Amino acid sequence: MPVVELSYSRLQKLIGKSSKKQISDSLPFLGLDIESEDKDLVRIEYSPNRPDYSTDFGIALGMQGLLGIKTGAIKLKIKKSKQYSINVKSDVAKIRPFVTGIVAKNGKIDDKTIKQLMAMQEDLHFGIGRKRKKSSIGIHDLDKISFPLTYSTTSRNDKFIPLNSEKELTITQILESTDVGKDYGQILGNSSKMPIITDSKNQTVSFPPIINAAVTTVTTKTKNLFVEVTGINKADAEDMLSVVATILQSAGFSLEEVKISGSKNSTPKLESKKMTVSTTLVNQILGLNLNSSKIISCLKKSRLDASLKGKDILCIIPAYRFDIFGPMDLVEEVALGYGIQNLEPALSPSQTIGQTNHVSQNLKFLSQVMVGLGYLEALNSSLTSKRVLYEMTNRNSSKIISVRDSKSQEHTILRDSILPGLLENLSKNIHESYPQKIFETGSVFSEGNPIDEKISFSGISAHQDANFTEIKSVLQSGLKTGFDLEIQTKTTSHPTFEDGRCASVLVNNKTIGIIGEINSQIIENYKIRVPVVGFEISLSDSILKSV
């Protein structure tokens with residue numbers, strides 16, 4: 001969990017009408033953990049899904065709401081401007097296609113403010129920026145830049161003086177000889193072209209996502225800032241910008257728009273979103289009996305806007321609160337506004353004694369049997385990629401199930417088979433000794449209304465002498481010991497398996513899966529060095545409940 005160091009005296013000034021004890025007592029009820037205290041300094045651990053808490057400005061905003069000093073949503077006041085613009089060239093489309101930005105003017109910057117902004121920048125890089133891969137920020141001295149700016153590519157031989165340096169370096173030298181270049185250079189791969197932001201005087205402003213130019217360094221003499229965010233996803237870049245804009249506005253800066261144009265880019269709107277929640281849901285989840293006006297008051301203390309709309313409550317959620325996805329998140333905000341300390345514990349009205357689900361018991365027993373047979377259990381995500389699930393295994397992707405609005409750029413597909421994931425596991429362990437034997441039981445998904453979810457059981461064995469007879473005996477032993485089931489096999493064909501060395505698995509003359517020797521081309525795709533055999537069967541309810 002990320003940690004931020006704050007000053008109680010500085011927090012008191014930012015919050016207003018608050019004592020050190022009041023702040024210290026209230027921090028945990030804002031969802032923050034106090035890690036340590038030393039006189040005026042306090043180290044606070046916060047959740048990565050609240051990057052606005054990475055600075056004392058953001059924590060002050062939340063604390064003002066909790067203490068009732070200032071309530072309701074923080075509204076970004078962004079002045080329209082034609083003075084600032086970024087033109088995006090098409091050559092960045094395949095490298096780092098999106099850029100956005102904002103101007104912040106007439107602020108006061110001291111050493112503590114610089115420290116807070118830099119800490120926020122790095123926490124955003126590590127969190128929603130995924131170590132700068134998805135998105136990254138550059139904060140610059142606006143008065144050292146001549147607009148309009150151009151976001152394009154340049155060669156690795158291009159030179160400029162990077163941040164914290166007095167010497168002009170080529171991009172290649174920056175990537176090879178500086179710490180930041182070594183840490184993040186792999187994001188840009190081996191491309192001969194590198195992303196670059198230049199101003200109207202052809203002066204380098206930023207080499208994203210690696211480093212800013214020294215000329216735009218922010219100091220205590222800086223009064224106006226330019227913030228640019230680049231990334232591989234427009235929404236992620238604008239989410240990051242919304243946090244920075246909110247913090248800068250709360251720090252006393254006035255915001256101005258930066259026009260973005262060209263190559264699928266557009267000017268950021270940073271708009272609030274609307275969401276409704278029912279009073280019934282709030283009271284049911286929290287075990288309270290709050291009326292609509294009280295729920296609205298609680299939401300406003302959590303720095304959201306809310307009003308009554310029919311029987312529901314309409315919430316206005318500011319752009320920087322992208323951690324709020326649905327009504328249950330709003331219920332949590334009501335709880336925070338109500339005060340966690342005010343919730344009274346109560347015994348559950350249900351007197352039912354809990355017990356392990358019968359299906360879970362059988363799956364656990366099956367796992368123990370496989371471990372006894374010398375196999376290691378794997379636990380892969382149900383979300384995977386098209387490459388792993390279909391392309392590497394020659395499987396038909398016509399019935400692919402994609403997840404809408406996935407936060408991952410790669411893991412966007414619900415798996416319909418476990419076996420490809422196990423092959424991926426082998427490919428990541430090619431330098432380990434053989435034999436390698438792994439299995440997994442887990443959910444697989446197929447088209448339906450709603451999506452159909454079933455449990456599959458898959459195992460693979462990789463070593464120089466792996467063959468069909470071996471893997472069939474393992475499956476027979478597993479099902480006989482685990483479920484007292486006898487299996488039969490019938491020759492068939494499957495794109496993942498070798499022709500003539502593949503069979504359907506049948507129980508009571510009903511096909512439940514596939515078994516055989518993995519196709520040599522697929523083994524080559526995964527760069528596995530030895531033969532591989534495997535199986536995958538569907539564990540229907542009748543099988544799981546048969547013991």
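Student: What is the volume of the largest pocket?

Tutor: This is a predicted model, in which local features need pLDDT of at least 70, side-chain atom pairs count only at pLDDT 80 or more, and totals for chains, interfaces and linings use all residues. Residues are numbered from 1 along each chain as its sequence is written, and side-chain values use heavy atoms, with hydrogens and water left out. A pocket is an open set of points on a 1 Å grid over the protein atoms alone, where a 1.4 Å probe fits, with protein on both sides within 12 Å along at least five of seven lines. Taken as the space filled by probe spheres set on the points, the volume of the largest pocket is about 640 Å³.

Student: Which element gives the largest share of the lining of the largest pocket?

Tutor: Lining residues have an atom within 4 Å of a point; there are 26, and R395, D416, S417, F445 and E536 are the closest to the pocket centre. Elements are DSSP runs, helices (H or I) of at least four residues and strands (E) of at least two. With four residues, the largest share comes from β24.

Student: Which element gives the largest share of the largest nonpolar core?

Tutor: Such a core joins buried (under 20% relative accessible area, 1.4 Å probe, protein chains only) Ala, Val, Leu, Ile, Met, Phe, Trp, Tyr and Cys residues through side-chain atoms within 4.5 Å. This one has 32 residues, and L124, I137, L225, V227 and L248 touch the most other members. Eight residues, the largest share, come from α7.

Conventions:
Buried < 20%, exposed > 50% of the residue type's maximum accessible area, 1.4 Å probe, protein only.
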